[in-house]
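Grab a pencil and work through these exercises with the structure open beside you. Try each task before you read its solution.

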Amino acid sequence: MTFDSSKRTSKLEVKKAVKKYSLRFAVILLFAVLCILPVASQSSGNQNFPEGSTLGTTEMSTRVIDMDIPNISITATSPQSGKEVAFSVQLMLALTLLTLAPSILILMTCFLRFSIVLDFIKRALSLQQVPPTAVLNGIALFMTLFCMWPTFKQVYDVSFQPLQRNEITLTEAIDKAQGPVRYFMYQQMEDDTSYIATFMSMAKMDRPNTLADVPTYILIPAYILHELTAAFKIGVMLYLPFIIIDMVVASILMSMGMMMLPPVQISTPFKIMLFVLVDGWGLLTQQLFVSVIH
């Protein structure tokens, strides 16, 4: 008796499932008849569907003009004279110089000082994402262009223009371009030439009497170290007033028993308000310009 009752129960479940899926199949079939078949019949009859649409075409308009793509060929030949070899080496050096142009801009200009100081002020204000690093680097770049524009103009006048008029060779143009940049770097280190003396002693060279006695490969690293030192000095001076605000806020919170509240969360708005009220950005950029242009 138990076996018969379970068998009847399974037959009833099968019948219910058949009825359920039969109903779904009927609904799907009805939808296909009412919706899909009219669309197919309209498309087969070449009627515009939906209304107002135009028939498409795969033919290209006769007003379209074919674009001529030039052929590009690169040939490599062996040099026939020493002049051709020298020209190839000069071309390679020029391409290398273009590759190193960003590094030259950073290390041989005042960009290094500006970028470090702006990053210091961002950290002193306890700001993590605002302003972004790309924005600070952009500000430092345009400030560098402002300060270095007379030097760049002088390089353009004494080096690039004569080279463009074929009055001097590429080697002479490079030598003439070094002059204004070397003078700018030496002018920044005029008050403190200790780094130049350090590198000169490391190279076992005699004490220089004039700027012309200092090679470029010694002047550049000396200038980099000088800029790093100057930037860190300015950064420390900017940090001091904001550290005092952090200490005052932290002591107040400790006295009130709010040890679980981060002091930076409270001091950051006060530091930003102080920086804005004293026109911090204006004073900072003005003093940076004065530190370079003197």
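**Exercise 1.** What pattern does the protein follow, read along the sequence?

*Solution.* Before we start: this is a predicted model, where local features need pLDDT of at least 70, side-chain atom pairs count only at pLDDT 80 or more, and totals for chains, interfaces and linings use all residues. Residues are numbered from 1 along each chain as its sequence is written, and side-chain values use heavy atoms, with hydrogens and water left out.

Step 1: look for helices (DSSP runs of H or I, at least four residues) and strands (E, at least two), numbered from the N terminus. Step 2: read them off in order, and you get α-α-α-α-α-α-α-α-α-α. Step 3: tally up, and that's ten helices and zero strands.

**Exercise 2.** Work out how many residues of α4 are buried, and what they pack against.

*Solution.* Step 1: call a residue buried if its relative accessible area is under 20%, using a 1.4 Å probe and protein chains only. Over the 294 residues of the protein, 22% pass that test. Step 2: now check α4, where twelve of the 14 residues are buried, so this helix is largely enclosed by the rest of the structure. Among them are F111, F114, L118 and I121. Step 3: look for neighbours in contact (heavy atoms within 4.5 Å). The buried residues of α4 pack against α3 (101–107), α5, α6, α8, α9 (263–277) and α10.

**Exercise 3.** Check the length of α4 against the expected span.

*Solution.* Step 1: the rule is 1.5 Å times one less than the number of residues. Step 2: for the 14 residues of α4, that should give 20 Å. Step 3: the end C-alpha atoms of α4 are 20 Å apart, which agrees.

**Exercise 4.** Which element gives the most to the largest nonpolar core?

*Solution.* Step 1: such a core is a set of buried Ala, Val, Leu, Ile, Met, Phe, Trp, Tyr and Cys residues joined through side-chain atoms within 4.5 Å. Step 2: the largest one has 39 residues, and C110, F114, F184, M185, I196 and L219 have the most contacts inside it. Step 3: elements giving two or more residues include α4 (111–124), α5 (133–164) and α8 (216–255). The winner is α4, with nine residues.

Step 4: zoom in on L219, which touches R182, M185, M189, I196, L211 and V214, leaving aside residues up to four places away in sequence.

Technical notes:
Buried means under 20% relative accessible area, exposed over 50%, partly exposed in between (1.4 Å probe, protein chains only).
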